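Here are a few exercises to help you find your way around a structure you haven't met before. Keep the viewer open and try each task before reading on.

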Amino acid sequence: MTGMNENPLDLLPEVLLAASAVLGLLLGAWLPRRRQWLTGAMAGAACIGGIVAAAIAAAGPVETAFGESFAIDPVTATSRIVILGATLLVLALAMPRVHAHPGETEFYVLLQLASAGALVLAGAQDLLLLAAGYLLASVPAYALAGFRKDSPGTEAALKYYVVGALLGVLMLTGITVLLAAGRATAYPVLRPELAEAPAGLVAVGTLALLAGVLFKAGGVPGHFWVPDAVQGSSAPVAAFLTTIPKIGALAALYRLAAVPLADAELPWTDLVAVLSVASMTLGNLAAFFQQDVKRLLAYSTISQVGYLLLPVAVAGRTGLDQEALLYYLAGYALTNLGAFAVVCALPGADAIDDYRGLARAHPALLGSLVVCLLGLVGTPPTAVFLGKLEAFSAAMDGDYAWLAVVAAVNTVASLFYYLRWIAPAFLARGPAGDSRTTTVRTAAVIAYGSATGSVVLGLLGGTVLDVLGGPLAP
């Protein structure tokens with residue numbers, strides 16, 4: 001480290017979230033059970049403050065903090081805003097459900113710490129900081145998955161932990177190998193060193209590192225935990241697991257591709273392209289005949305990783321990659337959370353068949369569900385449509401036209417299982433769920449807002465894409 005840029009204010013969004021978690025844990029120890037919602041309110045305030053701080057930092061110059069270990073650039077700024085905004089929505093979904101729960105404060109603390117880990121992943125420009133972000137994003141998430149302490153939740157947490165521990169060790173092994181090959185952990189130093197290092201050593205280290213990062217993203221080959229963990233968790237936690245860690249992991253993966261591995265003697269683009277095809281195809285095929293809606297969304301999120309890997313595969317080969325990835329991440333987060341908000345708004349509807357009659361019972365909720373599910377397909381004018389279009393364009397521009405074609409075929413195929421969910425809503429019987437409860441009303445409002453936001457973001461896509469460009473940190 002240089003000692004010249006060790007200013008904690010450079011990491012203000014991360015500091016606010018971590019400080020809120022620590023203060024909330026202390027405050028929750030003294031508050032009566034009915035007043036522990038104050039720790040959740042403090043968490044929401046930290047998220048809002050972090051978004052403001054990230055927006056202000058985004059207007060400043062591109063730089064690094066604490067030596068060269070943390071980047072402050074468009075990738076970090078966008079990831080900060082999307083992660084903190086998504087955390088705010090998950091908090092809003094969860095607060096009515098955990099109100100007066102014995103572990104209410106602990107839930108908010110775990111959620112903030114896991115989100116802080118995703119923030120660290122997004123800005124990490126050093127392999128050691130990347131490992132720290134991985135652990136911070138993982139360990140609290142294991143506890144969140146089993147927060148309900150019932151049989152499905154325990155199974156979800158156990159499977160999530162076992163896969164995470166295994167791939168975490170593999171990731172640390174990869175970091176050790178890359179350290180041996182490049183004699184450094186900072187990305188700017190690694191770039192020229194890895195270009196001259198033995199190709200076999202770099203390949204082994206990269207494969208192990210990639211497995212760990214893809215675990216957090218929920219893509220092949222680290223996808224095994226996703227369906228069971230999502231199905232066994234509560235709906236707000238499932239929304240968190242399929243959204244927030246994914247943003248940090250994909251931002252980290254893009255930075256790895258664009259900086260330390262850019263000049264390495266490694267078929268990186270071919271490897272990521274193969275993993276992209278595997279993720280989107282496996283996710284779609286597995287989702288085709290799912291009946292549980294959370295499990296269907298779990299496989300859907302695996303397929304979405306495949307599409308999101310398109311701009312990562314061509315990182316540095318085209319001028320469209322960075323904007324495509326960041327915009328797609330923002331659109332996906334909003335749309336996916338909207339779909340889970342509908343699930344939260346109908347707590348008795350666990351299977352597709354339970355959505356029969358939704359058009360008559362809750363027409364506004366059905367409208368939100370249709371917008372979000374067709375948005376995940378990539379239907380205009382939603383944000384995911386433009387995100388996919390940009391991702392496909394980046395692949396074409398990066399000489400990977402075949403990958404764009406495979407992604408387009410998978411997109412058409414995915415329409416089948418989303419329509420399987422929507423179709424019963426127009427049939428007779430109404431779904432379970434009491435629209436008078438606070439939990440349901442809050443979730444419904446979030447569903448309406450997310451669906452509307454997805455359309456608005458899609459309509460404003462040209463303006464938003466213009467601000468997502470810019471160089472990565474040196």
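The exercises below cover helix packing, pockets and a cavity in this predicted model.

**Exercise 1.** Work out how helix α3 and helix α4 run relative to each other.

*Solution.* Start by finding the two helices: α3 covers residues 74-98 and α4 covers residues 104-123. Next, take the geometry: their axes come within 10 Å and cross at roughly 165°. Angles over 145 degrees count as roughly antiparallel, so α3 and α4 are roughly antiparallel to each other. The crossing of α3 and α4 is right-handed. Now look at who touches whom: the α3 side includes Val75, Ile83, Leu91 and Val98, and the α4 side includes Phe107, Tyr108, Leu111 and Leu119. Sort the contact residues by class and you get 14 nonpolar, five polar and two charged.

**Exercise 2.** Do the same for helix α13 and helix α14, and say which residues meet.

*Solution.* Helix α13 spans residues 293-313, and helix α14 spans residues 321-345. They pack at an angle of about 175°, with their axes 10 Å apart. That angle makes α13 roughly antiparallel to α14. Among the residues that meet are Leu297, Tyr307 and Leu308 in α13, and Leu325, Tyr328 and Phe340 in α14. By class, this contact of α13 with α14 has 14 nonpolar, two polar and two charged residues.

**Exercise 3.** Find the largest pocket and say which helix gives the largest share of its lining.

*Solution.* The pocket to look for has a volume of about 610 Å³. Of its 26 lining residues, Thr78, Ile81, Val82, Ala330 and Val464 are closest to the centre. Then go through the elements: α2 (37-58), α3 and α14 give two or more residues each to the lining. The largest share is from α3, with nine residues. As for chemistry, the lining splits into 20 nonpolar, four polar and two charged residues.

**Exercise 4.** How many charged residues are in the lining of the second largest pocket?

*Solution.* This pocket has a volume of about 210 Å³. Its lining has 15 residues, and Arg148, Ala235, Lys294, Pro347 and Asp350 lie nearest its centre. Helices α9 (226-232) and α13 each supply at least two of the lining residues. Sorting by class gives seven nonpolar, three polar and five charged.

**Exercise 5.** Which residues line the largest cavity?

*Solution.* There's one cavity of 30 Å³ or more, and the largest has a volume of about 30 Å³. Its lining is Lys216, Ala217, Gly218, Trp225, Val226, Leu241, Thr242, Lys246 and Thr301. Thr301 also turns up in Exercise 2, on the α13 side of the contact with α14.

How values were computed. Residues are numbered from 1 along each chain as its sequence is written. This is a predicted model: local features need pLDDT of at least 70, side-chain atom pairs count only at pLDDT 80 or more; totals for chains, interfaces and linings use all residues. Side-chain values use heavy atoms; hydrogens and water are left out. Axes are lines fitted to C-alpha atoms, for helices over the stretch in contact, and angles run from 0 to 180 degrees between N-to-C directions. Helices (H or I, at least four residues) and strands (E, at least two) are DSSP runs, numbered from the N terminus. Angles under 35 degrees count as roughly parallel, over 145 as roughly antiparallel, 65 to 115 as roughly perpendicular and the rest as oblique. Contact means heavy atoms within 4.5 Å. Ala, Val, Leu, Ile, Met, Phe, Trp, Tyr, Cys and Pro count as nonpolar, Asp, Glu, Lys and Arg as charged, and the others, Gly among them, as polar. On a 1 Å grid over the protein atoms alone, a cavity is a set of points where a 1.4 Å probe fits but cannot get out, and a pocket is an open set with protein on both sides within 12 Å along at least five of seven lines; lining residues have an atom within 4 Å of a point. Grid points are joined across faces, edges and corners, and a volume is the space filled by probe spheres set on the points. A crossing is left-handed if the near helix is turned anticlockwise from the far one by less than a right angle, and right-handed if clockwise.
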